[in-house]
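User: Please take a close look at the part of this protein that the UniProt record marks as an active site, and then follow the chain outward from there to the helix packing and the backbone details around it. I would like one connected account rather than a list.

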Amino acid sequence: MSLSDQQVRSRLRGVAVGLLTPFTDENEIQHDDLAENARELYDAGIRTFLAAANISEYHSLAENERAAVVETSVKALPSDACVLAGVGGSTAGAKELIRAYDRLDADAMMIMPPDHTYMHEQGLLEYYRELGAVTETPLVPYVRGFDPSVEYLARLTHIDSVVGIKYALKDPVKLGAGIGAGADDVVWVDGLAEPFAVSFWAEGAEGFSAGVSNFRPEIGLELYDALSAGDWERACQLRNICLPYQNFRDETGQENEIEGAISVSAVKKGLELAGLNGGSVREPIRPLAEEEERRAERLYDQLDDDIESLIG
Ligand SMILES: N[C@@H](CC=O)C(=O)O
C-alpha cells in the first residue's frame, strides 16, 4: 500500500536519492542490482527514492522499462520508504504512465521538467491539473530548464494534487519568493543536490536531492541533521566536502562542450567505488574516459578521507 499525502510530505523533508538504473554493456537493465542498491541505501537510513526519474536516465527508458524499474524499486523497499516515480511527455502518455505506476503502488509522481520547445506557464499548470485528475497519488513537479515567474511557482503550489516541488534553478532568491507567495502545505525540495542545500534551506526548502549522497548516503543524512538543528557551520563543512566530486560531475568530459555530460557516469562510478552497483550508461550519455575514471577514484578517496574526519 502506498503512503498517504501527509506521509509523502514528511518523506520529502529529508534526503531524496536517485535510484540510478544499472545497465549491462548490452544496454539491458540489471534489476537485481537496482534492487540491491535500493535496499543498501534504505539500510543506511535513506527513506526517499526517485525511481525512473532524472539521474535514473528517465529519457533513455522505454515506457515499459520505466514501469519495470518502478516495480523493482517498490518491491525491493519496505513499506515506509517513499518511492517517487518519474513521469513526463505528452498528457495522454503521462496519464497512462501514472495509471501504470498506481497499479504498482508508487507513493508519488515525480513530474519531469517539460520536454517541449515552446510552452506557456498557464498551459503547464493545466498539464499538472490534467495529470492530477487521473490519480489520487500526489504529484511533485520538477522545476528545471526554464525560468518561470514567481507567480507561476505560487500557482503551482495551489494545484490540489501537488504536495511538493523539486526546485532546480540556480536562483535562491526566486525560491524564497516562490515559497513566500505559495501555499503553506507544499514541501520544497532542493533539486540541485548538496552544493545548494545550505542556501536553499535558508530560503525555506525542507529537503534536498542527493549528489554524492547517492553513493555515500551518510553525508546527506548528516547534512540534513545539521540543517535541521540550525548548525550552519557543520552544514557548510559537510556541503564543502561534497564540492570536489560534485564539481567533477559538472564537467564536459572529452570531445564535448555540453556541461554536466559526465554527471550520471560519475555517480555510477561513485556507486561502484562505494561497493554498490553502477553499471553502464545509455546514449546520449557516454561512459567516463580512462583519465576521468582515474580522477574519479582520486576524488572518491579524498571524499572518503573527508567523511572519516568529519563523520567518522
Ligand atoms: N540530485 C540530482 C538531481 C536530481 O535528480 C543530481 O545531483 O543530479
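Analyst: Tyr142 is a convenient place to begin, because at 1% relative accessibility this residue counts as buried. What follows describes a predicted model, and the annotation that singles out this residue comes from a record: an unreviewed UniProt entry places the feature "active site" at Tyr142 and Lys166. The two positions are spread over 25 residues of sequence, yet they cluster in space, the largest C-alpha distance being 4.6 Å.

Each of the two annotated residues sits in a strand. Tyr142 belongs to strand β5, which covers residues 139-143, while Lys166 belongs to strand β6, covering residues 164-167. Lys166 has a relative accessibility of 6% and therefore also counts as buried, the cut-off being under 20%.

The surroundings of the pair can be read from their contacts. When its neighbours within four places in sequence are left aside, Tyr142 touches Asn54, Met110, Ile111, Met112 and Pro113, together with Lys166, Ala168 and Gly191. With the same neighbours in sequence set aside, Lys166 is in contact with Leu50, Asn54 and Met110, with Val140, Pro141, Tyr142 and Val143, and with Val189, Gly191 and Ser209. Asn54, Met110 and Gly191 therefore appear in the contacts of Tyr142 as well as in those of Lys166.

Beyond β5 the chain enters a loop that leads to α6 (150-157), and Ser149 is found in that loop. With a relative accessibility of 26%, Ser149 counts as partly exposed, whereas Tyr142 is buried. Ser149 and Lys174 are 25 residues apart along the chain, and their C-alpha atoms are separated by 8.3 Å.

Lys174 also takes part in the packing of α6 on helix α7, the latter made of residues 172-181. The axes of these two helices come within 8 Å and cross at roughly 45°, and the helices are therefore oblique to each other. Their crossing is right-handed. On the α6 side the contact involves Val150, Leu153 and Ala154, which meet Lys174, Ala177, Gly178 and Ala181 of α7. Sorted by class, this contact has five nonpolar residues, one polar residue and one charged residue.

Further along, a backbone detail appears in the loop between β7 (187-190) and α8 (197-203), where Ala193 is located. Although Ala193 is not a glycine, its phi is positive, at about 65°, and with a relative accessible area of 6% this residue is buried. A second residue with a positive phi is Asn27, again not a glycine, whose phi is near 75°. Asn27 is found in the loop between β1 (15-18) and α2 (31-43), and its relative accessible area of 28% makes it partly exposed.

Two other helix pairs can be set beside the packing of α6 and α7. Helix α3 (residues 63-76) packs with helix α4 (residues 91-103) at an angle of about 30°, their axes being 10 Å apart. These two helices are therefore roughly parallel to each other, and α3 passes α4 in a right-handed crossing. From α3 the contact draws on Glu63, Arg66, Ala67 and Val70, and from α4 on Gly93, Leu97 and Tyr101. By class, the residues of this contact comprise four nonpolar, one polar and two charged.

The other pair is α11 and α12, whose axes come within 10 Å and cross at roughly 55°. These helices are therefore oblique to each other, and their crossing is right-handed. Lys269, Gly270 and Leu273 of α11 make the contact with Glu293, Arg294, Ala296, Glu297 and Tyr300 of α12. The residues of this contact divide into three nonpolar, one polar and four charged.

The loop that lies between α11 (263-273) and α12 (290-310) is where Pro284 is placed. A cis peptide bond joins Glu283 to Pro284, with omega about 15°.

To return to the starting point, the record's two annotated positions, Tyr142 and Lys166, are each buried in this predicted model, at 1% for Tyr142 and 6% for Lys166, and Lys166 is among the contacts of Tyr142.

Key
Residues numbered from 1 in each chain as written. Predicted model: local features only at pLDDT ≥ 70, side-chain atom pairs only at ≥ 80, totals over all residues. Heavy atoms only, no water. Axes fitted to C-alpha atoms, helices over the stretch in contact; angles between N-to-C directions. Helix = DSSP H or I, 4+ residues; strand = E, 2+ residues; numbered from the N terminus. Parallel < 35°, antiparallel > 145°, perpendicular 65-115°, else oblique. Left-handed = near helix turned anticlockwise from the far one by under 90°. Contact = heavy atoms within 4.5 Å. Nonpolar A, V, L, I, M, F, W, Y, C, P; charged D, E, K, R; others polar. UniProt positions renumbered as here; feature names shortened; annotations may be inferred. Buried < 20%, exposed > 50% of the residue type's maximum accessible area, 1.4 Å probe, protein only.
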